[in-house]
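Trainee: I would like a close look at a single part of this model, set against the whole. Please keep it plain.

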Amino acid sequence: MTAAEPRDRMAGQSVAVGLNAVVVAVDETTPRVLLAGPDGARPSALPSGPLEAEHRTMETGLRSWVERQTGQPLGYVEQLYTFGDKARAGSRRFISIAYLALVRGLGERRQASLWADWYAHFPYEDWRCGRPPAIETIVEGLKAWSQTANAHTLRRARLARIAMAFGLDESHAWNEERVLERYELLYEAGLVAEAGLDARTGPSTVPGTGQPLALDHRRMLATAIGRLRAKIKYRPVLFELMPDQFTLFDLQRTAEALSGVRLHKPNFRRLIEAQGLVEETGNLSTRTGGRPAKLFRYRPEVTFERPLPGARLPLQSKG
């Protein structure tokens with residue numbers, strides 16, 4: 001192969017760059033993701049658009065597309081991952097760069113957009129009321145798929161992946177951060193609707209796997225949920241979703257909504273206060289109609305006082 005051949009091959013390819021946003025907010029106990037809305041008979045999609053010449057940076061292009069399509073201005077934004085599934089655009093290669101954005105509250109939106117419950121797309125990820133019933137059906141479908149492997153070693157490897165991803169035994173407890181790993185298993189087994197995008201498989205969806213999104217947008221959402229669940233344990237990004245003043249009960253409900261598990265109330269409060277993440281405002285909340293609760297605010301200076309402050313969610317209870 002000559003040095004010119006790789007360049008010649010690239011010259012014959014058509015590559016486009018897209019920008020996708022996973023915009024997250026929490027509405028009381030419900031984690032929400034902003035969708036641009038369905039397009040005819042097709043599933044809903046994340047806000048997205050191509051990188052254009054007038055965009056100074058990819059992030060400014062992303063912010064522009066989100067506001068144009070949904071009316072939602074963005075605050076906190078971080079790059080999530082780069083996706084390049086061939087099935088997205090047939091023979092044309094389409095590279096999509098996804099971002100995670102966090103906003104406070106459900107702002108005004110354009111009529112064509114909507115704030116969807118992210119557990120509508122991943123119902124098996126919500127363990128706040130205990131083990132979701134859908135897990136049994138899903139695991140049954142995955143085990144049946146594992147037996148379709150020709151080689152014994154491959155069947156065993158598939159069963160091990162299923163056990164690890166879904167926490168099926170004592171050595172593999174449920175890990176809320178493995179969102180993408182669980183979705184990829186369902187995709188590979190052909191148990192989600194999006195698997196039909198891959199010409200090698202035919203989808204055979206099972207109840208409880210959740211509502212599909214356009215193209216590979218549910219894969220992007222799974223990546224964002226896993227990233228956020230991990231990050232709230234070591235960085236104070238949780239407060240990017242909170243109002244200026246909040247009760248500790250509100251803060252705990254937000255952490256539970258994102259992580260999908262119940263947290264031990266006394267331990268959670270001790271950890272938050274011991275790390276110096278919040279301070280009292282001197283105000284009280286009477287929203288619940290019961291005993292007034294103290295209102296707190298986030299202390300941004302904590303990031304200079306100690307490395308990697310976060311909500312420390314490993315101390316959690318599924319009871």
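What percentage of the 319 residues of the protein count as buried? And within that, which residues of helix α7 are buried, and what do they pack against?

Mentor: The model is a predicted one, so every value below is computed from predicted coordinates. Of the 319 residues, 45% count as buried. The fold holds 9 helices and 8 strands. Among contacts with a separation of 6 or more, 63% are between residues 24 or more positions apart. The accessible surface comes to about 16,100 Å², and carbon and sulfur atoms account for 51% of that area.

Now the helix. α7 runs over residues 248–259, which makes 12 residues. Its first and last C-alpha atoms are 16 Å apart, close to the 16 Å expected at 1.5 Å a residue. Because 10 of its 12 residues are buried, α7 is largely enclosed by the rest of the structure. The buried set holds four charged or polar side chains besides Ser259, namely Asp250, Gln252, Thr254 and Glu256. The others in the set are Leu248, Leu251, Ala255, Ala257 and Leu258. The cover comes from both helices and strands: the buried residues pack against α6 (217–231) and α8 (265–274), and also against β1 (15–27), β2 (30–35), β7 (278–285) and β8 (293–298). After the helix comes Gly260, with a positive phi near 80°.

Helix α4 can be set beside it. This helix has 15 residues, 152–166, and its end C-alpha atoms are 21 Å apart, which agrees with the 21 Å expected at 1.5 Å a residue. Its buried residues are Arg158, Ile162, Ala163, Ala165 and Phe166. The spacing in such a list can be read against helix geometry. An α-helix has 3.6 residues a turn, so residues three or four places apart point the same way. What covers the buried residues of α4 includes α3 (134–146) and α5 (179–188). Just after α4, Gly167 has a positive phi of about 60°.

One of the neighbours of α7, helix α6, also takes part in salt bridges. The count for the model comes to 21 salt bridges. In one of them, Lys231 meets Glu78 at 2.6 Å, N to O. Lys231 lies in α6 and Glu78 in strand β4 (residues 76–83), so this pair ties together parts that are 153 residues apart in sequence. Both Lys231 and Glu78 are buried.

Lys233 pairs with Glu177, with the closest N and O atoms 2.7 Å apart. Lys233 sits in the loop between α6 and α7 and Glu177 in the loop between α4 and α5, so the bridge ties together parts 56 residues apart in sequence. Lys233 counts as buried because its relative accessibility is 16%, under the 20% limit. Glu177, at 31%, is partly exposed.

The side chains of Glu194 and Arg218 also form a salt bridge, at 2.7 Å, N to O. This pair links distant parts of the chain, with Glu194 in the loop between α5 and α6 and Arg218 in helix α6, 24 residues apart. Glu194 is buried at a relative accessible area of 3%, and Arg218 is buried at 0%. Elsewhere, salt bridges that share partners join Glu279, Arg297, Arg299 and Glu301 into one network.

Note on methods:
Residues numbered from 1 in each chain as written. Predicted model: local features only at pLDDT ≥ 70, side-chain atom pairs only at ≥ 80, totals over all residues. Heavy atoms only, no water. Helix = DSSP H or I, 4+ residues; strand = E, 2+ residues; numbered from the N terminus. Buried < 20%, exposed > 50% of the residue type's maximum accessible area, 1.4 Å probe, protein only. Contact = heavy atoms within 4.5 Å. Areas by Shrake-Rupley, 256 points an atom, 1.4 Å probe, with all protein chains shown as cover. Expected span 1.5 Å × (residues − 1). Salt bridge = Lys/Arg side-chain N within 4 Å of Asp/Glu carboxyl O.
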